[in-house]
Amino acid sequence: RDDDDINDVASMAGVNLNEESARILATNSELVGAQAQPCKDEPFLAAVPLQKRILETAKKLGITDVPAEVVTFISHATQNRLRAVIEKVTVITQHRMESYKDDEWYEQATDVRAQLKFFEQLERLEKQRKDEQEREILLKAAKSRSRQEDPEQARLKQKAKEMQQQELAQMRQRDANLTALAAIGPRKKRKVETPGLLCTGGEGLGVCGGSQAGLGTASPRQYPRQKITRVNLRDFIFYMEQEREMSRSLLLYRALLK
């Protein structure tokens, strides 16, 4: 072999440079001849109101001229800040919506909902006990036949009479509702429309729907619903409490007062 062949590493390795170049050009053919140019820098906020607001603040500090580059820079900074806030609040909302009931690595320590139901039941029983005591007092006052009645006794009798009339009206209303329901009869359950069965015919495949088996109507395509993350005021309050710059701000105190 010649010296050129010995020094040619590609030929010694069995690599054909022409074939490799043709393969690379075929792979990236859509990028060949493409030109890239920078896109127009569009500010996030409206330039005119933002510049007016900046000038109002700058005049207090003795600055009379603000270049357009400063307005663009502040607009981009606002966009980045808003994006960071939305990302953090979204993470907080997703953590709040997570459920660990079915996770085997977590066990329930307290049940606030059950505790609230228990306290509501206690309040209901206490109210029922007080109502029963008041009802007994009113019934005793209504049954008393003292000749010399004081104004308090007359008031109790009148209240007992009103209570009896109210109970009688409630009983009549309940009986009327039961009678109306008995006259109407049991409610019929609405039939659930089952999707059509796939059938074959002379013209090919179609969807058979109940009585209209001959008509082939295609069912609408079902698209998966996009999960929506709903952020509320409590998430923003939690975010502001965690941020060092906003944990003592006036905005946090105003949010807590709402």
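This briefing describes a nonpolar core, several salt bridges and a surface patch in one protein chain. The structure is a predicted model. Its largest nonpolar core has nine residues in all, and the structure holds six salt bridges, three of which are described below.

**Nonpolar core**
- The largest nonpolar core is made up of Val-85, Val-89, Ile-92, Ile-237, Tyr-239, Met-240, Met-246, Leu-252 and Ala-255, and at least two residues of this core come from each of helix H5 (68–97), helix H8 (233–242) and helix H9 (250–257).
- Leaving aside residues up to four places away in sequence, Met-240 touches Met-246, Ser-247, Leu-251, Leu-252 and Ala-255.

**Salt bridges between distant parts of the chain**
- Lys-88 and Glu-243 form a salt bridge in which the closest N and O atoms are 3.2 Å apart, and this pair joins helix H5 to the loop between H8 and H9 across 155 residues.
- Lys-88 is partly exposed because its relative accessible area is 39%, whereas Glu-243, at 13% relative accessibility, counts as buried.
- Asp-235 forms a salt bridge with Arg-96, with 2.8 Å between the closest N and O atoms, and the pair links helix H8, which holds Asp-235, to helix H5, which holds Arg-96, 139 residues apart.
- Asp-235 counts as buried at 2% relative accessibility, while Arg-96 counts as partly exposed at 33%.
- Glu-134 and Lys-159 meet through their side chains in a salt bridge of 2.9 Å, N to O, linking helix H6 to helix H7 (residues 151–184).

**Surface patch**
- Phe-118, Phe-119, Leu-122 and Leu-125 make a nonpolar surface patch of about 400 Å².
- Phe-119 lies in helix H6 (residues 112–143) and counts as partly exposed, with 48% relative accessibility.

Key. Residues numbered from 1 in each chain as written. Predicted model: local features only at pLDDT ≥ 70, side-chain atom pairs only at ≥ 80, totals over all residues. Heavy atoms only, no water. Patch = residues over 30% accessible without salt bridge, like charges linked within 9 Å, V, L, I, M, F, W, Y side chains within 5 Å. Areas by Shrake-Rupley, 256 points an atom, 1.4 Å probe, with all protein chains shown as cover. Salt bridge = Lys/Arg side-chain N within 4 Å of Asp/Glu carboxyl O. Helix = DSSP H or I, 4+ residues; strand = E, 2+ residues; numbered from the N terminus. Buried < 20%, exposed > 50% of the residue type's maximum accessible area, 1.4 Å probe, protein only. Core = buried A, V, L, I, M, F, W, Y, C linked by side-chain atoms within 4.5 Å. Contact = heavy atoms within 4.5 Å.
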